[in-house]
Amino acid sequence: MGTKNVLLSRLFDPNHQTYIVAADSSWYVLQRFVGKELSLDDYLSRRYMNSLSTRELKIVAGGQYTDLADITVVSKILRATAPFPTTSTVRYARYISIEDLRSNNFILLGSTASNPWGKLFTSMRNFHESGDMASGNACYVNGKPLPGESDRY
(Lines give C-alpha, C1' and ligand atoms only; values in the text may rest on other atoms or scores of the structure.)
Protein backbone atom coordinates (compact mmCIF):
# COMPACT_ATOMS: atom_id res chain seq x y z
CA MET A 1 0.00 0.00 0.00
CA GLY A 2 1.45 3.38 -0.98
CA THR A 3 2.06 6.22 1.49
CA LYS A 4 -0.98 8.08 0.16
CA ASN A 5 -3.21 5.06 0.76
CA VAL A 6 -1.85 4.52 4.30
CA LEU A 7 -2.67 8.11 5.22
CA LEU A 8 -6.13 7.98 3.66
CA SER A 9 -6.95 4.60 5.19
CA ARG A 10 -6.13 5.96 8.66
CA LEU A 11 -7.92 9.25 8.18
CA PHE A 12 -10.96 7.59 6.63
CA ASP A 13 -11.15 4.71 9.10
CA PRO A 14 -14.50 2.91 8.78
CA ASN A 15 -14.76 2.78 12.60
CA HIS A 16 -14.79 6.57 12.95
CA GLN A 17 -16.74 9.39 11.39
CA THR A 18 -14.56 11.73 9.33
CA TYR A 19 -15.69 15.33 9.06
CA ILE A 20 -14.47 17.43 6.18
CA VAL A 21 -14.96 20.91 7.63
CA ALA A 22 -15.44 23.67 5.07
CA ALA A 23 -14.30 27.18 5.98
CA ASP A 24 -16.68 29.90 7.09
CA SER A 25 -15.93 32.66 4.59
CA SER A 26 -18.50 34.92 6.30
CA TRP A 27 -16.32 34.81 9.42
CA TYR A 28 -13.24 35.85 7.44
CA VAL A 29 -15.07 38.72 5.73
CA LEU A 30 -16.52 39.92 9.04
CA GLN A 31 -13.05 40.05 10.60
CA ARG A 32 -11.76 42.02 7.62
CA PHE A 33 -14.60 44.54 8.06
CA VAL A 34 -14.04 44.98 11.80
CA GLY A 35 -10.26 45.11 11.25
CA LYS A 36 -9.22 42.55 13.84
CA GLU A 37 -8.99 38.83 14.36
CA LEU A 38 -11.70 37.41 16.59
CA SER A 39 -11.19 34.39 18.84
CA LEU A 40 -12.59 30.88 18.68
CA ASP A 41 -14.58 31.78 21.80
CA ASP A 42 -16.10 34.73 19.91
CA TYR A 43 -16.98 32.35 17.09
CA LEU A 44 -18.61 29.77 19.35
CA SER A 45 -20.51 32.17 21.61
CA ARG A 46 -21.59 34.57 18.84
CA ARG A 47 -21.39 37.37 21.46
CA TYR A 48 -19.71 39.61 18.89
CA MET A 49 -23.06 39.86 17.07
CA ASN A 50 -24.27 42.30 19.77
CA SER A 51 -21.36 44.66 19.11
CA LEU A 52 -21.81 44.93 15.34
CA SER A 53 -22.69 48.47 14.44
CA THR A 54 -24.45 48.15 11.11
CA ARG A 55 -27.13 46.05 9.50
CA GLU A 56 -24.67 45.12 6.76
CA LEU A 57 -22.18 43.67 9.22
CA LYS A 58 -24.94 41.65 10.86
CA ILE A 59 -25.92 40.28 7.45
CA VAL A 60 -22.31 39.29 6.73
CA ALA A 61 -21.93 37.72 10.18
CA GLY A 62 -25.14 35.74 9.80
CA GLY A 63 -24.29 34.51 6.29
CA GLN A 64 -23.31 30.95 5.56
CA TYR A 65 -20.77 31.20 2.78
CA THR A 66 -17.80 29.07 1.90
CA ASP A 67 -15.12 29.43 -0.73
CA LEU A 68 -15.13 27.82 -4.17
CA ALA A 69 -11.63 26.51 -3.40
CA ASP A 70 -13.05 24.54 -0.46
CA ILE A 71 -15.74 23.01 -2.64
CA THR A 72 -13.08 21.97 -5.15
CA VAL A 73 -10.94 20.41 -2.40
CA VAL A 74 -13.94 18.57 -0.92
CA SER A 75 -14.72 17.13 -4.33
CA LYS A 76 -11.14 15.91 -4.74
CA ILE A 77 -11.02 14.41 -1.24
CA LEU A 78 -14.26 12.52 -1.81
CA ARG A 79 -12.95 11.15 -5.13
CA ALA A 80 -9.66 10.09 -3.51
CA THR A 81 -11.48 8.27 -0.71
CA ALA A 82 -13.87 6.37 -3.00
CA PRO A 83 -11.93 3.06 -2.57
CA PHE A 84 -12.22 3.17 1.23
CA PRO A 85 -15.22 2.06 3.26
CA THR A 86 -15.75 5.40 4.93
CA THR A 87 -18.32 7.38 6.82
CA SER A 88 -17.33 10.90 5.84
CA THR A 89 -19.50 13.97 6.10
CA VAL A 90 -18.98 17.48 4.82
CA ARG A 91 -19.78 20.04 7.52
CA TYR A 92 -19.70 23.80 7.64
CA ALA A 93 -17.32 25.14 10.32
CA ARG A 94 -20.16 26.81 12.20
CA TYR A 95 -21.88 23.46 12.75
CA ILE A 96 -18.97 21.60 14.34
CA SER A 97 -18.64 21.24 18.09
CA ILE A 98 -15.67 20.52 20.30
CA GLU A 99 -17.23 17.10 20.98
CA ASP A 100 -17.17 16.34 17.22
CA LEU A 101 -13.44 17.05 17.20
CA ARG A 102 -12.76 14.94 20.29
CA SER A 103 -14.38 11.77 19.03
CA ASN A 104 -13.95 11.81 15.24
CA ASN A 105 -11.42 12.27 12.49
CA PHE A 106 -11.49 15.58 10.68
CA ILE A 107 -9.96 17.66 7.92
CA LEU A 108 -10.14 21.41 8.49
CA LEU A 109 -10.19 23.43 5.28
CA GLY A 110 -9.17 27.08 5.12
CA SER A 111 -6.95 29.20 7.32
CA THR A 112 -7.57 29.89 11.00
CA ALA A 113 -9.05 33.21 9.90
CA SER A 114 -11.81 31.39 8.00
CA ASN A 115 -11.96 28.20 10.05
CA PRO A 116 -11.22 29.15 13.65
CA TRP A 117 -11.19 25.49 14.76
CA GLY A 118 -7.62 25.39 13.44
CA LYS A 119 -6.56 27.64 16.33
CA LEU A 120 -6.89 24.64 18.63
CA PHE A 121 -3.94 23.04 16.83
CA THR A 122 -1.61 26.00 16.22
CA SER A 123 0.83 24.93 18.94
CA MET A 124 1.12 21.47 17.33
CA ARG A 125 2.12 22.80 13.92
CA ASN A 126 5.46 24.04 12.74
CA PHE A 127 3.86 26.37 10.18
CA HIS A 128 1.08 28.75 11.16
CA GLU A 129 -0.65 31.74 9.65
CA SER A 130 0.13 35.24 10.76
CA GLY A 131 -1.50 38.34 9.45
CA ASP A 132 -3.14 41.67 9.90
CA MET A 133 -6.91 41.63 9.41
CA ALA A 134 -7.07 45.36 8.80
CA SER A 135 -4.68 45.26 5.83
CA GLY A 136 -5.27 41.69 4.68
CA ASN A 137 -1.52 41.04 4.62
CA ALA A 138 -0.71 37.52 5.66
CA CYS A 139 2.15 35.05 5.68
CA TYR A 140 3.08 31.66 7.05
CA VAL A 141 5.55 31.59 9.93
CA ASN A 142 7.99 28.69 10.09
CA GLY A 143 8.33 28.05 13.83
CA LYS A 144 11.47 25.92 13.52
CA PRO A 145 13.21 26.67 10.23
CA LEU A 146 15.76 24.11 9.10
CA PRO A 147 19.08 25.31 7.64
CA GLY A 148 18.36 27.21 4.44
CA GLU A 149 14.65 27.69 5.19
CA SER A 150 13.06 31.06 5.71
CA ASP A 151 11.19 31.88 8.92
CA ARG A 152 8.38 33.50 6.87
CA TYR A 153 6.67 32.64 3.59
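1. Start with the second largest pocket, which holds about 160 Å³ of space. Keep in mind that this is a predicted model. The lining of this pocket is made up of Phe 106, Leu 108, Gly 110, Ser 111, Thr 112, Asn 115, Gly 118, Phe 121, Arg 125 and Glu 129. By type, that lining splits into three nonpolar residues, five polar ones and two charged ones. If you plan to put probes in there, the charged pair to look at is Arg 125 and Glu 129.

2. Now the overall layout. The chain contains six helices and five strands, and reading along the sequence you get α-β-α-α-α-α-β-α-β-β-β. The C-alpha trace spans about 55 × 40 × 25 Å along its principal axes. There are 153 residues in the chain, and 33% of them count as buried. Among contacts with a separation of 6 or more, 62% come from residues 24 or more positions apart.

3. Asp 24 deserves a paragraph of its own. You'll find Asp 24 in the loop between β1 (17–22) and α2 (25–34). Is Asp 24 buried or exposed? Its relative accessible area is 0%, so Asp 24 counts as buried, the cut-off being under 20%. Away from its sequence neighbours (residues up to four places away are left out), Asp 24 touches Tyr 43, Gly 63, Tyr 65, Tyr 92, Ala 93, Arg 94 and Ser 114. With one of these, Tyr 43, there is a side-chain to side-chain polar contact at 2.8 Å.

4. Asp 24 also shows up at the start of α2. There, one of the side-chain oxygens of Asp 24 comes to within 3.2 Å of the backbone nitrogen of Ser 26. Ser 26 is itself among the buried residues of α2, along with Ser 25, Trp 27, Leu 30 and Gln 31. What do the buried residues of α2 pack against? Their partners are α3 (40–45), α4 (55–62) and β2 (87–92).

5. On to the salt bridges, of which the count is five. As a reminder, side chains of opposite charge can pair when their charged atoms come close. One of the bridges joins Arg 94 to Asp 24, at 2.9 Å from N to O. Arg 94 sits in the loop between β2 and α6 (98–103), while Asp 24 is in the loop between β1 and α2, so this pair ties together parts of the chain 70 residues apart in sequence. Both Arg 94 and Asp 24 are buried. For anyone setting up this model, that puts the polar contact to Tyr 43, the reach to the backbone nitrogen of Ser 26 and the salt bridge to Arg 94 on the one side chain of Asp 24.

6. Asp 41 and Arg 47 form another salt bridge, with the closest N and O atoms 2.5 Å apart. Here the accessibility reads differently from the Arg 94 and Asp 24 pair, where both partners are buried. Asp 41 has 44% relative accessibility and counts as partly exposed. Arg 47 is partly exposed too, at 48%.

7. Then there is the bridge between the side chains of Arg 102 and Glu 99, at 3.3 Å from N to O. Both residues belong to helix α6, where they are three residues apart, about one turn of the helix. The spacing makes sense, because an α-helix has 3.6 residues a turn and residues three or four places apart point the same way. Arg 102, with a relative accessible area of 61%, is exposed, whereas Glu 99 is partly exposed at 45%.

8. Back to the end of α2. Which residue follows the helix? Gly 35 does, with a positive phi near 80°. Gly 35 lies in the loop between α2 and α3, and its relative accessible area of 30% makes it partly exposed. From Gly 35 to Pro 145, the C-alpha to C-alpha distance is 30 Å, with their positions 110 residues apart in sequence.

9. Last, a residue in α5. Ile 71 falls within that helix, which covers residues 68–80. Ile 71 is partly exposed, with a relative accessible area of 46%. Its C-alpha atom is 25 Å from that of Asp 42, and the two residues are 29 apart along the chain.

Conventions. Residues are numbered from 1 along each chain as its sequence is written. Side-chain values use heavy atoms; hydrogens and water are left out. Helices (H or I, at least four residues) and strands (E, at least two) are DSSP runs, numbered from the N terminus. Buried means under 20% relative accessible area, exposed over 50%, partly exposed in between (1.4 Å probe, protein chains only). A polar contact is a pair of N or O atoms within 3.5 Å; within protein, one must be able to donate a hydrogen and the other to accept it, and residues adjacent in sequence count only if both atoms are side-chain atoms. Contact means heavy atoms within 4.5 Å. On a 1 Å grid over the protein atoms alone, a cavity is a set of points where a 1.4 Å probe fits but cannot get out, and a pocket is an open set with protein on both sides within 12 Å along at least five of seven lines; lining residues have an atom within 4 Å of a point. Grid points are joined across faces, edges and corners, and a volume is the space filled by probe spheres set on the points. A salt bridge is a side-chain nitrogen of Lys or Arg within 4 Å of a carboxyl oxygen of Asp or Glu.
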